[in-house]
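This report introduces one protein structure to a reader who has not met it before. Please keep the sequence and the model in view while reading.

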Amino acid sequence: MEKYKVGVIGATGMVGQRFVTLMENHPWFQLTVVAASPRSAGKRYEDAVADRWAMDTPIPEEAKDLVLLSAQDDVEKITAQVDFVFSAVDMKKDEIKALEEEYARHECPVVSNNSAHRWTPDVPMVIPEVNPEHIEVIKDQRKRLGTKRGFIAVKSNCSIQSYVPALSPLRQFGVEKVLVCTYQAISGAGKTFKTWPEMVDNLIPYIGGEEEKSEQEPLKVWGHVENGVIVNAGGTSITAQCLRVPVSNGHTAAAFVTFKNKPTMEQMKEAWASFKGRAQELNLPTAPKQFLNYFEEPDRPQAKLDRDLEGGMAVSIGRLRPDTQYDYKFVSLSHNTLRGAAGGGVELAELLCAEGYIERT
């Protein structure tokens with residue numbers, strides 16, 4: 001098949017680098033354009049990132065010689081060359097909102113890793129296995145923007161990917177109250193141990209804005225489209241505490257949950273084992289065959305052992321047991337820069353292509 005031409009804006013940062021690596025040998029997508037800040041514009045990609053390449057794999061050959069454009073100044077030039085862009089820019093939130101809308105108004109679909117548009121009512125925030133139907137709101141967003149092709153779709157915060165997928169199949173039992181503590185890897189801050197030595201042998205009990213996102217974003221993901229906007233789900237309350245821990249990759253969540261109709265542990269495990277989403281039905285290239293994986297061992301999941309399951313796109317669950325104050329508690333884990341960031345963005349783009357929202361120009 002003819003591949004979609006793809007641009008990555010914000011290509012030099014950690015998530016942008018991950019997007020670039022995920023384009024290598026992708027069956028549907030061809031990396032065509034890389035863009036970053038004006039100060040990087042004009043440089044070969046390899047030269048721009050050589051001393052701060054943060055991935056475990058080498059810089060893809062197809063990306064090395066691409067000359068960086070300015071994500072802000074070269075919008076017209078970029079949008080003329082691609083079918084859509086991934087957005088991973090590092091700017092102020094209001095600047096990101098304006099820039100992503102500018103790309104959309106240039107009739108270029110934007111699949112964003114940024115938080116700027118997560119609460120824009122007609123912008124879908126999608127985990128492809130959980131709420132693919134939310135992309136229906138794009139037609140209303142296009143009316144607002146006055147576009148035919150252009151739109152913005154976002155993926156959710158990386159922290160909620162560790163527990164929302166595990167809770168989603170359990171909503172059939174009426175999830176009423178959730179307490180979650182997340183233990184988040186340093187790559188979520190765009191850091192490595194080399195660039196953030198203060199995190200070695202350390203734990204920081206604060207990540208700016210993360211607890212609010214962790215409490216509110218699941219309600220949008222679980223919501224529904226009504227009158228051209230996404231309406232948050234009701235009936236569930238979430239409280240969260242988020243900690244930064246000395247782990248390179250992988251966000252772990254300790255979740256406590258109370259149900260309206262309390263299931264058995266066997267029913268919960270069966271719900272996880274049998275759960276498949278639209279991504280699996282469509283057999284999207286990056287979709288895991290088994291999305292949710294339960295481990296019976298008492299010391300699993302572990303970040304080092306389990307974060308890379310199914311290319312880092314699966315979610316691992318373990319330690320399900322009764323709780324003294326909530327009905328049950330469990331631990332779950334996802335790879336924060338794959339499932340939680342760039343990988344989730346690539347899977348969302350695949351969904352949008354498969355469902356006809358992104359077309360080749």
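The text below treats one helix, then a pocket, then a sheet.

The model is predicted, so that local features need pLDDT of at least 70 and side-chain atom pairs pLDDT 80 or more, while totals for linings use all residues. Residues are numbered from 1 along each chain, and side-chain values use heavy atoms without hydrogens or water.

**Helix α1.** Nine of the 10 residues of α1 are buried (under 20% relative accessible area, 1.4 Å probe), so this helix is largely enclosed by the rest of the structure. Among the buried residues are R18, F19 and M23. They pack (heavy atoms within 4.5 Å) against elements including β1, β2 and α13. Just after α1, N25 takes a positive phi of about 65°.

**Second largest pocket.** About 430 Å³ of space lies in this pocket. Of its 23 lining residues, the closest to the centre are R18, D56, N249, H335 and T337. The elements giving two or more residues to the lining are α1 and α13; α1 gives the most, with three residues.

| Class in the lining | Residues |
|---|---|
| nonpolar | eight residues |
| polar | 10 residues |
| charged | five residues |

**Sheet.** Six strands form an open sheet with mixed pairing, in the order β10-β7-β11-β14-β13-β12 (strands pair if DSSP finds at least two bridges between them). Its edge strands are β10 and β12. Strands β11 and β14 run antiparallel and are joined by seven bridges; T252 has L333 of β14 as its bridge partner.

Methods: On a 1 Å grid over the protein atoms alone, a cavity is a set of points where a 1.4 Å probe fits but cannot get out, and a pocket is an open set with protein on both sides within 12 Å along at least five of seven lines; lining residues have an atom within 4 Å of a point. Grid points are joined across faces, edges and corners, and a volume is the space filled by probe spheres set on the points. Helices (H or I, at least four residues) and strands (E, at least two) are DSSP runs, numbered from the N terminus. Ala, Val, Leu, Ile, Met, Phe, Trp, Tyr, Cys and Pro count as nonpolar, Asp, Glu, Lys and Arg as charged, and the others, Gly among them, as polar. Buried means under 20% relative accessible area, exposed over 50%, partly exposed in between (1.4 Å probe, protein chains only).
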